Amino acid sequence: MLVRNGEAALPGASAPLRVDIRVREGRVSEIAERLEPEAGEETVEAAGLLVLPGAIDSHVHFDTPGFTERESFLRGSAEALRGGVTTIVDMPCTSLPPVVSAAALRNKLAAVAPEALCDYAFYGGIRGAGPDGPATTERDLEELAAAGVAGFKAYLVSGMDTFPAVDHEHLSRMIAKAAELGLPVLVHAEDPAYVLPAAVRIKAARGAAAPTWDDYVDSRPEAAELVACASLMALARGREGTMHVVHVGTAAAAEHVSRAGGSCETCAHYLAFSREDFAAKGASLKTAPPVKSAEERERLWELLASGAVSFVTSDHAPARPEEKRGRDAWTAYGGIPGVGTTLPFLLSEGWLKGKLGLPRLLEATGGAQAARFGLSARKGAIALGKDADLVLFDPKGRTTIRAERLYSKGRDTPFEGLALEGSIRSVYLRGRLAYDAARDGERPGALPREGSISDAAPGVALEPGFGRFLSRGCP
Ligand SMILES: [Zn+2]
């Protein structure tokens, strides 16, 4: 395949370069100013289009096997492709059983392999003891590492019975083991000694009256993130580089982690919204941590531009409609579908509007994730020998996010109605057409929440099962 006349976003370049890109056996084989098509070679005309590397979303919850009424690997990976994401890393906590052992990982692999539309890697879980099983041990981490996980995930505060939070003593042992194995530890960092009593106090003060969104946000303020990050970096002392804090919503917390030698990510919702938006968005905006002030939002953009926040993920975590609608600030499900909206959002609000230069855009949407999670041999950039994962993006197009057109099972998104600059025209995974916007637009109106993949995801051009497992470090 030959992609001709596009403006390619090549690693490190400050502006797109007009080049032709040849793909052989699924990988980029030649990049040059001008390449002539060979006999019988398929050509893709990309004049006027930006050619981007397929994005990596290193924080999603595709719930197969387990809570598939919320999201399945099939629908989640279809939604990923729609949004220009060709590789995801899936979290261990929302499967049943959770991915806390090599046996559970094999079980997960068997369940998702026939469904996957995009390429995928997994984290292993570090959980505390609970009704569903004992606390994670050093031996578990060794087995998970041998099975190829990209890192380990733990919670300082958890809302899941099947995946209890860890205490400091346990976590410090797990960090030591992970460091020895050369794998990062990803942590949901909100301090339980702040969040849990704050919720009790605020609920008591409210009495019988209906809770407000401020009640929820006030129970998980900036200090809860900052204290948690300070504790984490103290627990990791001497092994700070092992630590990665997920979905940071507080600028000072991100600065602390970065200065101490760890890494962190933020999510599109922390860059798009602030607590004032709960008035209009309600439960569709509920996540943990919650979005904070407009000032935090703007500071997170600055930290993303500087690199103190390494990259942006979606924390894609859809819910059933009844878990979001008709619930109050305490009982609504925390989590939003985002794997398909993050790249279009960052291209429009970050790059096209001048908040992120091209090198930082590329790092934030894939390059930095690939490096952090051992996927760089194949993923994260348009470069010779790497997988030909390509997004053809029209910077002059327009995209309006419509919840009813998402391929995800979850349709409660705070991004509903957002008008963005630019539009994704097509997506290629290992040189194969994976998503075609032209097919997507043929059928107007709401897509079905359940049913066949061709009805629910009309733009997807691949067959389920095309997606491949990426074992850490494996070329
Ligand atoms: Zn998450």
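This section describes the domains, core, helix packing and selected residues of a predicted model.

The domain assignment divides the chain into two parts. Domain 1 is assembled from three segments, 2-51, 384-401 and 419-456. Domain 2 is given as 55-372. Taken over C-alpha atoms, the centres of domain 1 and domain 2 are separated by 28 Å. The contact between them involves 23 residues from domain 1 and 21 residues from domain 2. On the side of domain 1 that touches domain 2, four elements each supply at least two residues. These are strand S15 (390-400), strand S16 (419-429), strand S17 (432-436) and helix H16 (453-456). S16 gives the most to this side, with six residues.

The largest nonpolar core contains 136 residues. Val-51, Leu-81, Phe-152, Val-187, Leu-232 and Val-245 have the most contacts inside this core. Helix H7, which spans residues 222-235, is the element that gives the most, with eight residues. Domain 1 and domain 2 each provide at least three residues to the core. Val-187 illustrates the contacts made by one core residue. Residues up to four places away in sequence are not counted here. Beyond them, Val-187 touches Ala-154, Leu-156, Leu-232, Met-243, Val-245 and Val-246. Leu-232 and Val-245 are thus partners of Val-187, and they also appear among the residues with the most contacts inside the core.

Two helix pairs were examined. Two packed helices are described by the angle between their axes and the distance between the axes. The first pair to consider is H3 and H4. Helix H3 covers residues 138-146 and helix H4 covers residues 168-181. They pack at an angle of about 30°, and their axes are 10 Å apart. H3 and H4 are therefore roughly parallel to each other. Their crossing is right-handed. H3 contributes Glu-138, Leu-141, Glu-142 and Ala-145 to the contact. H4 contributes Arg-173, Met-174, Lys-177, Ala-178 and Leu-181.

The other pair is H13 and H14. Helix H13 runs over residues 342-352 and helix H14 over residues 358-372. The packing angle is about 160°, with the axes 11 Å apart. This angle makes H13 roughly antiparallel to H14. The crossing of H13 and H14 is right-handed. Leu-343, Leu-346, Gly-350 and Trp-351 form the H13 side of the contact. Leu-358, Leu-361, Ala-364 and Thr-365 form the H14 side.

Individual residues were considered next. Tyr-120 sits in strand S8, which comprises residues 119-122. Tyr-120 counts as buried because 24 C-beta neighbours lie inside 10 Å. Leaving aside neighbours within four places in sequence, Tyr-120 is in contact with Thr-87, Ile-88, Asp-90, Gly-467, Phe-469 and Leu-470. Asp-214 is 94 residues from Tyr-120 in sequence. In space, the two are 37 Å apart, C-alpha to C-alpha.

Gly-238 belongs to the loop between H7 and strand S12 (243-245). Gly-238 is exposed, because 10 other C-beta atoms lie within 10 Å. Gly-261 is 23 residues away from Gly-238 in sequence. The C-alpha atoms of Gly-238 and Gly-261 are 9.7 Å apart.

Backbone geometry also sets some residues apart. Most residues other than glycine have a negative phi, and most peptide bonds are trans. The bond from Thr-64 to Pro-65 is cis, with omega near -10°. Pro-65 lies in the loop between strand S6 (55-60) and helix H1 (73-82). The bond from Ala-288 to Pro-289 is also cis. Its omega is near -5°. Pro-289 is placed in the loop between helix H10 (278-281) and helix H11 (294-306).

Positive phi values occur at Asn-5 and Glu-25. Phi of Asn-5 is near 65°. Asn-5 is located in strand S1, residues 2-8. Asn-5 is partly exposed, because 16 other C-beta atoms lie within 10 Å. Phi of Glu-25 is near 50°. Glu-25 occupies the loop between strand S2 (17-24) and strand S3 (27-32). Glu-25 is exposed, with 8 other C-beta atoms within 10 Å.

How values were computed
Residues are numbered from 1 along each chain as its sequence is written. This is a predicted model: local features need pLDDT of at least 70, side-chain atom pairs count only at pLDDT 80 or more; totals for chains, interfaces and linings use all residues. A nonpolar core is a set of buried Ala, Val, Leu, Ile, Met, Phe, Trp, Tyr and Cys residues joined through C-beta atoms within 7 Å. A residue is buried if 20 or more other C-beta atoms lie within 10 Å of its own, exposed if 12 or fewer, and partly exposed in between; C-beta atoms are placed from the backbone. Domain bounds come from an automatic or database domain assignment. Two residues are in contact if their C-beta atoms, placed from the backbone, lie within 7 Å. Axes are lines fitted to C-alpha atoms, for helices over the stretch in contact, and angles run from 0 to 180 degrees between N-to-C directions. Angles under 35 degrees count as roughly parallel, over 145 as roughly antiparallel, 65 to 115 as roughly perpendicular and the rest as oblique. A crossing is left-handed if the near helix is turned anticlockwise from the far one by less than a right angle, and right-handed if clockwise.
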